[in-house]
Amino acid sequence: MTSPDIAQDDWYPVAIAAMLTAGAEQRVTLMSHTLRVTRDAAGKATVTDDHGTARPVCEAHGHVWSSIGTPPHPIFSLPEGVQDGRRLVDCGPVRVKASPLRVVENFLDIAHFPFVHTDILGAEPHTVVAPYDVEIRDTVDEVWATKVSFYQPQAAKSASDGIVTEYEYRVPAPCATILYKTCPPRPAEMDVIALFVRPLNEELCDAYAWMALFDDDTALEDLIQFQQTIFLQDRSILENQVPRKLPLDPRMESPTRADKTSIAYRRWLKRRGYHYGAETRGV
Amino acid sequence: MNTAADITSWLPVALSDGLPDGGVMRVQTAGHDLALWRAHDHSVHCVDNRCPHRGMRLSFGFVRGNRLNCIYHGWQYGETGACAYIPAHPELTPPESLCVPTLPCVDHGGRVWITLDPDATALPAMPAHPGLRSVAVNVSQDRIQAALGSGALPSTTHPQRGCSARVLDTSAFDCRIALDVATGDTATLVVSIQSVSAERSQLHTQLTAAASVELKVAASRWLDALRDHLEATA
Ligand code: FES
Ligand SMILES: [Fe+2]
């Protein structure tokens with residue numbers, strides 16, 4: 001059984017902020033509701049539903065966010081998004097015929113790199129997933145994975161040789177996830193790559209990738225192209241996972257130690273009662 | 001008339017020639033989603049089309065040696081369906097419980113057969129003819145059998161490739177059809193029918209003797225006409 005209430009009170013991306021110019025109007029679907037997203041001459045974004053009722057709206061992390069419910073909290077913060085010297089890159093939405101939760105879980109997974117992103121994010125025989133730490137941070141109610149490392153032949157557009165890349169993963173909301181990774185030109189900093197997902201329904205979504213990088217050299221189209229290549233490889237997996245929804249019953253699929261982040265994510269969803277896009281049979 | 005399902009629980013799901021060593025293909029029948037694969041020792045195998053790890057369809061996988069590898073995280077399944085290797089943890093011996101369900105699968109008579117019946121008796125001897133092609137038809141297996149049984153078969157017109165056809169005989173496993181080609185050549189086509197769903201089937205076809213390219217083209221065009229005829233009269 002799905003309980004839409006909890007899910008509908010979250011914030012979801014409805015537009016790329018920079019693409020919503022003054023006077024523009026975009027129509028998007030969020031959880032089977034049609035929303036109209038506009039920006040007035042003064043620069044203020046407005047979202048209305050199909051009854052003409054104003055919906056909550058905020059602008060953050062390069063996107064316009066809205067909700068078909070009543071979000072009890074402001075949107076999660078992402079301080080790196082406003083840090084000096086970072087280049088902010090919108091990669092645009094990609095439609096995926098899969099549950100938004102499967103899309104987020106795939107983003108948290110490193111064991112697939114050698115097989116799905118062959119010779120880019122991973123390559124055989126470097127398939128071992130070293131132990132890493134995962135926790136549900138109760139103070140912020142977020143899932144975090146830290147001390148994640150993986151050998152990558154070409155970790156980013158700015159990397160040319162293979163390196164062991166270090167990662168941290170953060171899930172601040174069920175349909176939003178952020179990755180911090182070794183930044184080849186600035187060893188002291190971490191590049192930020194985020195994925196914000198808008199469910200059109202429980203088995204269909206638009207995924208917006210957004211990056212905050214220390215990379216002033218790579219051409220914008222190359223950065224976007226790199227991210228698109230990676231994501232289209234992921235999509236070919238996501239659209240062929242059975243069932244389409246994310247199973248929350250641990251007996252339905254067989255994780256191993258490498259899947260600690262996914263195990264924590266599923267447990268966290270279950271604990272929150274977030275069932276939109278989840279397969280809850282057996283739970 | 002007897003249908004194949006009345007007599008045998010074996011279903012033809014591919015031509016032997018259509019599944020080379022290292023090949024993987026998806027098979028759907030009666031609500032089952034399956035992956036068919038051939039190891040490099042030439043043996044054929046049929047598994048549930050779902051990796052137990054994270055649900056990826058195994059028909060997208062690849063074969064190395066005598067193992068089917070899932071495309072998502074590279075888990076390797078041996079010929080018994082047991083998971084033999086997890087690349088993220090090479091030192092780990094996967095527990096016996098970690099396996100993908102298998103179905104009985106044999107390469108016999110030029111075709112690959114599976115059965116959903118664990119007690120199915122072995123298939124009788126049958127000749128292994130060279131495969132012609134497999135054809136998808138949007139018609140149920142029963143209707144195709146009835147159409148072939150009625151003897152009203154289409155013919156094709158072409159100065160060299162035109163064919164007229166008549167049913168020679170029908171068994172529990174296949175139907176033999178004589179083709180008379182405009183050039184004066186003749187050929188015998190063996191047609192096995194696989195039910196895919198209530199509205200869809202696959203015809204797996206073989207020619208009983210080595211044939212020239214021209215003859216194969218003529219027979220293949222006739223199969224297109226048969227499919228169109230079946231779909232038009234369904
Ligand atoms: S889903 Fe098959 S190996 Fe992970
Ligand atoms: Fe990926």
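# Two chains and an iron site

Among the contacts in chain A between residues at least 6 apart in sequence, 61% join residues at least 24 apart, and I would like to begin there, with the reminder that what we are looking at is a predicted model. Chain A has five helices and 16 strands, and buried residues make up 57% of its 283 residues. A compact globule with 283 residues would have a radius of gyration near 19 Å, and chain A, at 18 Å, agrees with that. Along its principal axes, the C-alpha trace of chain A spans about 55 × 50 × 35 Å, and the chain exposes about 11,900 Å², of which carbon and sulfur atoms supply 52%.

Let me turn to the metal. Which residues coordinate the iron ion, ligand 2? The donors are NE2 of His112(A), NE2 of His117(A), and Asp234(A), which is listed twice through OD atoms, with distances of 2.0 to 2.6 Å. Along the chain these donors follow the spacing H-x4-H-x116-D, and both His112(A) and His117(A) are buried. Why is the arrangement around the iron ion (ligand 2) called irregular? The four donor atoms subtend angles of 56 to 152°, whereas four donors would count as tetrahedral if all angles lay between 85 and 135 degrees, and square planar would need opposite donors over 155 degrees apart. For reference, the ideal angle for four tetrahedral donors is 109.5 degrees. One caution belongs here, namely that water is not among the atoms, so sites may look incomplete.

Next, some details of the backbone in chain A. There is a cis peptide bond between Glu124(A) and Pro125(A), with omega at about 5°, and Pro125(A) sits in the loop that runs between helix 3 (113-116) and strand 9 (133-137) of chain A. A cis peptide bond also joins Val242(A) and Pro243(A), where omega is about -5°, and here the proline, Pro243(A), belongs to the loop between helix 4 (220-238) and strand 15 (246-247) of chain A.

Two residues other than glycine have a positive phi that I would point out. For Met31(A) phi is near 50°; this residue lies in the loop between strand 2 (25-30) and strand 3 (33-39) of chain A, and with a relative accessibility of 6% Met31(A) counts as buried. For Asp141(A) phi is near 55°, and the residue is found in the loop between strand 9 and strand 10 (142-152) of chain A. Is Asp141(A) buried or partly exposed? At 25% relative accessibility, Asp141(A) counts as partly exposed, since the limit for buried is under 20%.

Ile75(A) is another loop residue, placed between strand 7 (63-66) and strand 8 (87-96) of chain A, and its relative accessibility of 17% makes it count as buried. What does Ile75(A) touch, if residues up to four places away in sequence are not counted? The residues are Trp11(A), Cys58(A), Ala60(A), His61(A) and Trp65(A). Of these, Trp11(A) is 64 residues from Ile75(A) in sequence, and yet the two are 6.6 Å apart in space, C-alpha to C-alpha.

That brings me to chain B, which has three helices and 16 strands. Its radius of gyration is 20 Å, close to the 17 Å that the globule rule gives for 234 residues, so chain B is as compact as a globular protein of that length. The C-alpha atoms of chain B fill a box of roughly 65 × 35 × 30 Å along the principal axes, and 49% of its 234 residues count as buried. Of the contacts in chain B with a separation of 6 or more, 51% come from residues 24 or more positions apart. Chain B exposes about 10,300 Å², with 51% of it supplied by carbon and sulfur atoms.

I will finish with helix 3 of chain B, residues 213-233. At 1.5 Å a residue, its 21 residues should span 30 Å, and the end C-alpha atoms are indeed 30 Å apart. The buried residues of this helix are Leu215(B), Ala218(B), Ala219(B), Ser220(B), Trp222(B), Leu223(B), Ala225(B), Leu226(B) and Leu230(B). As background, an α-helix has 3.6 residues a turn, so residues three or four places apart point the same way. What covers the buried residues of helix 3 of chain B? The cover includes helix 2 (141-150) together with strand 12 (131-137), strand 13 (163-170), strand 14 (175-181), strand 15 (186-195) and strand 16 (201-207), in chain B as well.

Key
Residues are numbered from 1 along each chain as its sequence is written. Chains are lettered from A and ligands numbered from 1 in the order in which they are written. This is a predicted model: local features need pLDDT of at least 70, side-chain atom pairs count only at pLDDT 80 or more; totals for chains, interfaces and linings use all residues. Side-chain values use heavy atoms; hydrogens and water are left out. Helices (H or I, at least four residues) and strands (E, at least two) are DSSP runs, numbered from the N terminus. The expected span of a helix is 1.5 Å times one less than its number of residues. Buried means under 20% relative accessible area, exposed over 50%, partly exposed in between (1.4 Å probe, protein chains only). Contact means heavy atoms within 4.5 Å. Donors are N, O and S atoms within 2.8 Å of the metal (3.2 Å for Na, K and Ca); water is not among the atoms, so sites may look incomplete. Four donors count as tetrahedral if all angles lie between 85 and 135 degrees; four count as square planar and six as octahedral if opposite donors are over 155 degrees apart and all others between 65 and 115; anything else is irregular. The radius of gyration is taken over C-alpha atoms; the globule rule is 2.2 Å times the number of residues to the power 0.38. Accessible areas come from the Shrake-Rupley method with a 1.4 Å probe; for residues, only the protein chains shown count as cover.
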